Amino acid sequence: MQKRKIIVTSALPYANGDIHIGHLVEYLQTDFWVRFQKMRGNECIYVCADDTHGTPIMISAAKKGVPPEDFIAESYKRHVEDFSAFDVKFDNFYSTNSPENKAFCEQIYVRLRENGALREERVPQLFCPNDKMFLPDRFVRGKCPKCGAEDQYGDSCEKCGSTYNPSDLVDGHCAICGEKKLETRESSHIFFELRLFKEYLREWLSGHVARDISNKLLEWFGDNAELMPWDISRDAPYFGFEIPDHPGKYFYVWLDAPVGYMASFKNFCSKHGLDFESWWNGDAEIYHFIGKDIVRFHCLFWPAMLHASGFRGPTQVFVHGFLTVNGTKMSKSRGTFISASTYRECLDPQFLRYYYACKINNTTDDVDLNLDDFAQRVNSDLIGKITNLASRGAQMINKRLGGILGTTDEEGRKILDEFRRKSDCIASLYEERKFSQIPVEICRMADTANEYFDSRQPWATVKTDPELTRITLTNVLNMFRILAVYLAPILPGYASKTAALFNEAAYTWDSVNETLENKPIGAYEYLASRIEKDKIDLMVEKSKQKTPQPEQPKSDIPEQKPEIDIGDFGKTDMRVGLIRSAELVDGSDKLLCLSVDFGPLGTRKIFSGIRKSYPQPEAIVGKKVIAVVNLKPRKMRFGTSEGMLICSGTETSGFSLISPLSNSAAPGDPIS
């Protein structure tokens, strides 16, 4: 049989957050499929990358006070650690912030432009005067104009599913700083003309995605329906790749993210001496594993963009559902929004691999992680039925029979042949991604093996007929070994320990056809232990979102801060100010908003945490104060503070504003 050349990808994890067990639904099933293909001898290359661009990355990096490049490097390190812990084995895990990705994005852009697939248009866009930037859809929050749900994004409502323009939001505000007085300004943007590829996509969808996905997307393809153009540009400031002939314009993250598949594969080719063109545009199969929330990007924009720029589209896009926990959406408050790192602190990652295999199939149905069923399924099936065969058989043969396998007999060979006849069936289940049926088939075989073990009673015969017992245990361990081979794509670590037990090399799919006889085995290493409920409870407790508790001061005297030089203190510019107005700040129980006149320096807005000390703010209007006026402006949710008032006291004892000693001091006078 001719070996296949296969390129496989999973959706790129975003560098703005950690991997959680919902993400792992995708990466684990992809890993199952890739490992199976490799066991079959196919040349299967699994590539992925961190999705690193966009406004969220830029803002998160700024909040941490680090360059975006440092921020994504730290995220990359955490992602690699999590994937490694769960045995997700990429052939290349790369980054979209790479020279290969930049080159492909620019090449695709130039080809789209030359082929008439792009147009430029001035469009109205919301602008935050406080942050001095155009706001992407997701950086406008407000009330849904359709159902009234609070705190919704600027493009769609998570509650009712409606889509709309950011300007349609009720009480729309900037999600970065909270500014409500947003402006509408025009900006020139570049659009990909999706409508030009309507007939191509109509044909492509029928053969490259599952029928339910194809039918859903084809609802947009009515005779009079027009596919809307896709905005592929974003305004500065933006962390990403600048568009070659448009200074200050950047490729939208959803353009360069899927191109990251090509970039990661190109990087792999460079490392291993492969020709990218002969694979991607040649005879290799290309498969994408994605979640159903990103279907339109992967099944409309992506294939059309590839087609228009002279690249081949994917052979198939495999779409899966979401993860629920205990039947409901993952929740931080209930402790069911579980990060990969928290899970692995408490439980063995191979248990999640096994349970997901029990639940995942080739449909878009959601996958439910029921924590009680999870423990029961692992303890009963993986431990009680499958692992128990190795534990009892290997330990007895090592302790009582010198650790040497004997021969199989007719009864044993009959069962082994029956197990081997399942090979094509189980291979088909892997190939078709019907993973949930694989543990069912394996557990049926395990039941047969355990019935055989119990019927032969080796614990009794070892006392009276050691060689008959050796035959029994040789049969049982060969039965177990076949099950471990079938499980290898799902439990690679488990299979590796099994191979070590029998002093073998890594398994291929044909390993099931071998029978081990008259050879020593290694020392038995525990393959898996039972899940204890207290471990699950600990994981849930660790995952609960805690409400931060304010630190209690050890005393009313604040701790001394580090020493500074006189030169550092000399940089502080303190001036006399006159409070012109003072108001309570809605949404804060600490802040007052003050308008302070500094004479020739002008009037400035200052937010000060003195509300509890001055609950009637009108009482301090007209008061002269001392303030630091050369602090960098500080952006807050309520606005920008342009200075800092000098006070005495503590939060516990209360604050008192410091006034100049001389009544004749004028606003703007320096304090020395």
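In this predicted model, the side chains of Arg 580 and Asp 597 meet in a salt bridge, with nitrogen and oxygen 2.7 Å apart. The pair links distant parts of the chain, since Arg 580 belongs to strand β18 (residues 574–584) and Asp 597 to strand β19 (residues 592–597), 17 residues apart. The structure holds 42 salt bridges, and the points below describe several of them, together with the packing of two helices.

**The bridge between β18 and β19**

- Arg 580 has a relative accessible area of 47% and is therefore partly exposed, the limit for an exposed residue being over 50%.
- Asp 597, with a relative accessible area of 12%, is buried, because buried means under 20%.
- The two partners of this bridge thus stand in separate classes: Arg 580 is partly exposed, whereas Asp 597 is buried.

**A network of salt bridges**

- Arg 119, Glu 121, Glu 193 and Arg 195 are joined into one network by salt bridges that share partners.

**The bridge between α12 and α15**

- Arg 392 and Asp 454 form a salt bridge in which the closest N and O atoms are 3.5 Å apart.
- Arg 392 lies in helix α12 (residues 371–400) and Asp 454 lies in helix α15, so this pair ties together parts that are 62 residues apart in sequence.
- Arg 392 counts as partly exposed, at 27% relative accessibility.
- Asp 454 is likewise partly exposed, and its relative accessible area is 38%.

**The bridge between Glu 541 and Lys 544**

- A salt bridge brings together the side chains of Glu 541 and Lys 544, at 3.5 Å from N to O.
- Glu 541 is partly exposed at 38% relative accessibility, and Lys 544 is partly exposed at 32%.

**The packing of α14 and α15**

- Two packed helices are described by the angle between their axes and the distance between the axes.
- Helix α14 (residues 423–431) packs with helix α15 (residues 437–456) at an angle of about 160°, and their axes are 9 Å apart.
- The two helices α14 and α15 are therefore roughly antiparallel to each other, because angles over 145 degrees count as roughly antiparallel.
- The crossing of α14 and α15 is left-handed.
- On the α14 side, the contact is made by Ile 426, Leu 429 and Tyr 430.
- On the α15 side, Gln 437, Ile 438, Glu 441 and Met 445 make the contact.
- Sorted by class, the contact of α14 with α15 has 5 nonpolar residues, 1 polar residue and 1 charged residue.

Technical notes
Residues are numbered from 1 along each chain as its sequence is written. This is a predicted model: local features need pLDDT of at least 70, side-chain atom pairs count only at pLDDT 80 or more; totals for chains, interfaces and linings use all residues. Side-chain values use heavy atoms; hydrogens and water are left out. Axes are lines fitted to C-alpha atoms, for helices over the stretch in contact, and angles run from 0 to 180 degrees between N-to-C directions. Helices (H or I, at least four residues) and strands (E, at least two) are DSSP runs, numbered from the N terminus. Angles under 35 degrees count as roughly parallel, over 145 as roughly antiparallel, 65 to 115 as roughly perpendicular and the rest as oblique. A crossing is left-handed if the near helix is turned anticlockwise from the far one by less than a right angle, and right-handed if clockwise. Contact means heavy atoms within 4.5 Å. Ala, Val, Leu, Ile, Met, Phe, Trp, Tyr, Cys and Pro count as nonpolar, Asp, Glu, Lys and Arg as charged, and the others, Gly among them, as polar. A salt bridge is a side-chain nitrogen of Lys or Arg within 4 Å of a carboxyl oxygen of Asp or Glu. Buried means under 20% relative accessible area, exposed over 50%, partly exposed in between (1.4 Å probe, protein chains only).
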